[in-house]
Every structure is written in C-alpha cells, then in structure tokens.
Amino acid sequence: MEAISLPSPLRYSSLRSPIPPLLRRSSSLKATLPRSQSRSRPLALQRSDHDVVVVGAGIIGLTIARQLLLNSDLSVAVVDASVPCSGATGAGQGYIWMAHKTPGSSVWELGLRSKQMWEELAEELERDGMDPLDVLGWKRTGSLLIGRNSEETVMLKERARVFSQARVRAEYLSSSSLLSEEPALEVGKESGALFLPDDCQIDASRAVDFIEKGNKGFASKGRYVEFYNNPAIRLLRSDRNGEVEAVETSDNILYGKKAVVIAAGAWSGSLMRSLVVNPQALPDVPVIPRKGHLLVLENFNKIHLNHGLMEAGYIDHQVAKTPNTPFVSERVDEQNLSSISMTATMDMIGNLVLGSSRQFIGFNKELDESIVQRIWDRAGDFFPSLRVLSHDINQYKEIRIGLRPYMPDGKPIIGPLPGLPKVLLATGHEGSGLSLALGTAEMIFDMILENPLKVDCAPFLFPR
C-alpha cells in the first residue's frame, strides 16, 4: 500500500482441466498495428518485444512473472502505474491460512495448492542455507478461529470435523484450552476456537522483495524487464485477426507475443474498461475496491501472541450482504457497507497488527478515524489489556490502508477474457491475494503453456 506520511502520532500506508480454447496458439505471433492507432501514437514511445506482458506489480503479477521465468524460456515484462507493494499487497496482514476457508468450496483446492507451494519455497530457502523468517518473514504460527458464543462454537466444532476429514490438521479448543494457548485473551465459558497448527504467515514486503530480486536476475539474460510508474493506457489489437498484440503505456508499447495478463488488483475492472476501445462489446469485469484498515503497534510488548487470531465472524464478512440486484459498483459504493472483525498477529519484529475493516467506498484511501476507533474497540473486547491504553495508544500507532479487489461471488477471476484473444485475467482475490498467489501464478502459467492444470480452473473462469 502506498506509504504516506501523516503528522505525528499517526502514520498510514496506504483436477486437471482442459485448456480454454481462447488460449490456443495463434498462427501469427507478430501482427501489425491497426493503421488508425499507429497514426495517433506519439513517435517518442519506445517499443519492445516480449513473450508475456503482465499488467500489475502486486503479489499476483510478480509471482506470475516468477513462475514464467523459472519454469520456461519465455520473456516477461511487468508494467505498473506505481511500484511493487503500493497496493493491497503491502497493506495486508500476511496470512497463509486455511482456517477461514471451507473444505469443498471452489477456492479450497486452490488455497491448498498455493499453501503447499509457499511451504515448498520456505523449505527450498532452508536447503539453500537461507532463513525463511529473514527472507520472507515466514512463520508457522498456526491459526485460531475464535468463537464467543454457543452458536459460533458449535460451528467451529463442525469445522474441526470437516477439516480433519479433508486431511488438514485441525482441533477444537475449549475455553480453558484456548486460554492456555493465548493467555492474553479474555474469553468466557462459552468460548472456544478452531486451531490449525500448520497455518503460516509471511511479511508481504519481504516476500515481494525476494520475488522481485529473483525476477531481476533474468534481466541480464534479456528475459525480464520492469516498467514502473508507467500506467497502461490501452490494448492494441491486430487489424488482421483481432488479437491483442501489445499494451500501450504512457511511455512504451510492449508487445506480448503469447499473452497479456491483467493482474491489477482492485483496479482491474475499471482498467479493463479504459484499456479497451469498445468495452461494451465485452463482458464487464465486476471487480471493485473494498477498503480495509489495519493498525500496527510497533515494538509492542504489552501483549504477546503465540498464534494468528481471527474471530469467527470474519468468515461471514468476506462476502458482503449486497442488494439482490445486478451488481453495480456505484450502487454499492453509495451504501458504504462496512464491517469490523477482530484479527491479530505478531509480525517477525514484534509489531502487533490488528484488524480488520471492510468498506465499500470506491477508490478512497483516506484515513477514517472512526473505522480505526472501531477496530481498536473490537480488539479491546478480546484483549482487556488494550483498554487501559486507550489514552496513550497514539504513540504506538501506524495504520495501513488498502483496497482489496472484491468479486461479488467471493471467487477470483483466473483465465482468459472472452472476446480478447491472448488476454488473461488474474484478479478479484479480495483479502486472499498473498495466500492464493503462487497457486494463481501456476494456473496462469499452465494456461499460457497449455499444460494440464493442477487445480480445476472452472470455478475461476469468467464470465461465470
């Protein structure tokens, strides 16, 4: 999330599946530009050829580039209107969790595959003599999904049973067992928790630094190039076969011989409408921003957490209670629907990270002090020691603000866009971008290379 300084004391930073037919190779990889577009383009634009152009330098776009660079001989260009970690990636809490996902749901297999790939990456770093904690902020903390009444604890007991049937280690903890695991909590006799000991967390900025450094290692081989602070303006199509052959940016024309991947997070929907000359001829991509705040209490020693924590109500808040009408972003924005759920983690340097909020308020990234207060009050319901700090909390506080890419059905879009040959979408992950990134990257890679898919892509194709 974009880092912005505020006056002290506040800071904020902002199953194998057939390959979809739209990805079949074209007989012409080097098509000419339409004459009308050639005449209107400034002569100063620099042109370059690449196999794949990725629009978006968040965790999704960078891991797609990484997958292509490591596992093929294709060349990749990444373009972004800003810089890495300036969007939702940099404002997240770093969950690599299964606790709030549901076995058998459309996202479950993708979540499992992606978590496995993160674990394999951590193991690979160890084999190479590196510390995953230092490189990625990687910690196997385990997660606790906390219920505070009988209805929630009944649900958590059932989830523990279902998780175990899905061969994921899970345990239901009674109130007393929960307090043994997390003494800082205040819970009543009716409380309990779902415990997943194998859930993990990472530090987004460190993970992005590692991935980007690895990608840059291919630059000397002529296979990788970055175009940051260089917004995409439009897609250029061949006048011979209608294929998208290039992305025009403010300074460049980037040819993508095999594919163009749109991975621009919350901006993907509006970006697609601006990139295409006649957007009415294509299905609308209904990704909209869902604003979130996180509080970071730096070097905080008043509370120690042994695991990542999340209240059970978080699950219900992932999919918004939007009106039962066709999905129109402006209609949802006007309602300014919001929710607050307690989440709490300790990062690798001892900061306490508290969340989280969800708001439909367009692309507004301004600090909302009322939301911050609600997050603080909600955290105080679980941690009594926080309540006594209400008068001096400002000396500890940093605030992250991000825009999650929200899809109304709760599933990301991963795959080709009908009507635009060679264009693929990888967006709409909402708050699960980090946890689903590596699985998404592998799926896009296999689509481009026409490989058998490791995870069924059908739930993620668009239109639904």
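Where is Arg167 found? In this predicted model, Arg167 belongs to the loop between helix 5 (150-165) and strand 7 (171-173). The residue makes a good starting point for a look at the backbone, as its phi is near 65°, a positive value in a residue other than glycine. Most residues other than glycine have a negative phi, and most peptide bonds are trans. With a relative accessibility of 80%, Arg167 counts as exposed.

A second residue of this kind is Cys85, whose phi is positive at about 70° although Cys85 is not a glycine. Its setting is the loop between strand 4 (76-79) and strand 5 (95-96). Is Cys85 buried or exposed? Its relative accessibility is 16%, so Cys85 counts as buried, whereas Arg167, at 80%, counts as exposed.

The peptide bonds offer two further points of interest. One cis bond runs from Gly355 to Ser356, with omega near -10°, and Ser356 is part of strand 17. Another cis bond leads from Phe462 to Pro463, where omega is near 0°; Pro463 lies in the segment after helix 13.

Attention can now turn to the spaces within the model. Rolling a probe the size of a water molecule over the atoms shows where empty space is left. The largest pocket holds about 890 Å³ of space. Its lining is made up of 50 residues, of which Gly87, Ala88, Thr89, Trp267 and Leu403 are the closest to the centre. Several elements each supply at least two residues of this lining: helix 2 (59-71) and helix 13 (433-449), together with strand 14 (288-297), strand 17 (352-359), strand 18 (397-406) and strand 20 (423-427). Strand 17, one of these contributors, is also the strand in which Ser356 is found. The largest share of the pocket lining, 4 residues, comes from strand 18. By residue class, the lining of this pocket comprises 25 nonpolar, 19 polar and 6 charged residues.

The second largest cavity encloses about 40 Å³ of space. Its lining consists of Leu110, Arg113, Gly439, Glu442, Met443, Asp446, Leu453, Lys454 and Val455. Two or more of these residues come from each of helix 3 (108-127) and helix 13. Which element gives the largest share of the lining of the second largest cavity? That element is helix 13, with 4 residues. Here the lining divides into 4 nonpolar, 1 polar and 4 charged residues. Helix 13 thereby appears in both descriptions, as it also supplies at least two residues of the lining of the largest pocket.

Ser432 sits in the loop between strand 20 and helix 13, two elements that contribute to the lining of the largest pocket. A relative accessibility of 12% means that Ser432 counts as buried. Beyond its neighbours within four places in sequence, Ser432 makes contact with His100 and Lys101.

A word on confidence rounds off the picture. The chain has a mean pLDDT of 86, and 85% of its residues reach 70 or more. Residues 1-40 have a pLDDT below 50, and the model gives this stretch 113 contacts beyond near neighbours in sequence. Over residues 321-335, pLDDT likewise stays under 50. For that stretch, the model has 21 contacts beyond four places in sequence.

Technical notes: Residues numbered from 1 in each chain as written. Predicted model: local features only at pLDDT ≥ 70, side-chain atom pairs only at ≥ 80, totals over all residues. Heavy atoms only, no water. 1 Å grid on protein atoms, 1.4 Å probe; cavity = no way out; pocket = protein on both sides within 12 Å on 5 of 7 lines; lining within 4 Å. Points joined across faces, edges and corners; volume = space filled by probe spheres on them. Nonpolar A, V, L, I, M, F, W, Y, C, P; charged D, E, K, R; others polar. Buried < 20%, exposed > 50% of the residue type's maximum accessible area, 1.4 Å probe, protein only. pLDDT = per-residue confidence, 0-100. Contact = heavy atoms within 4.5 Å.
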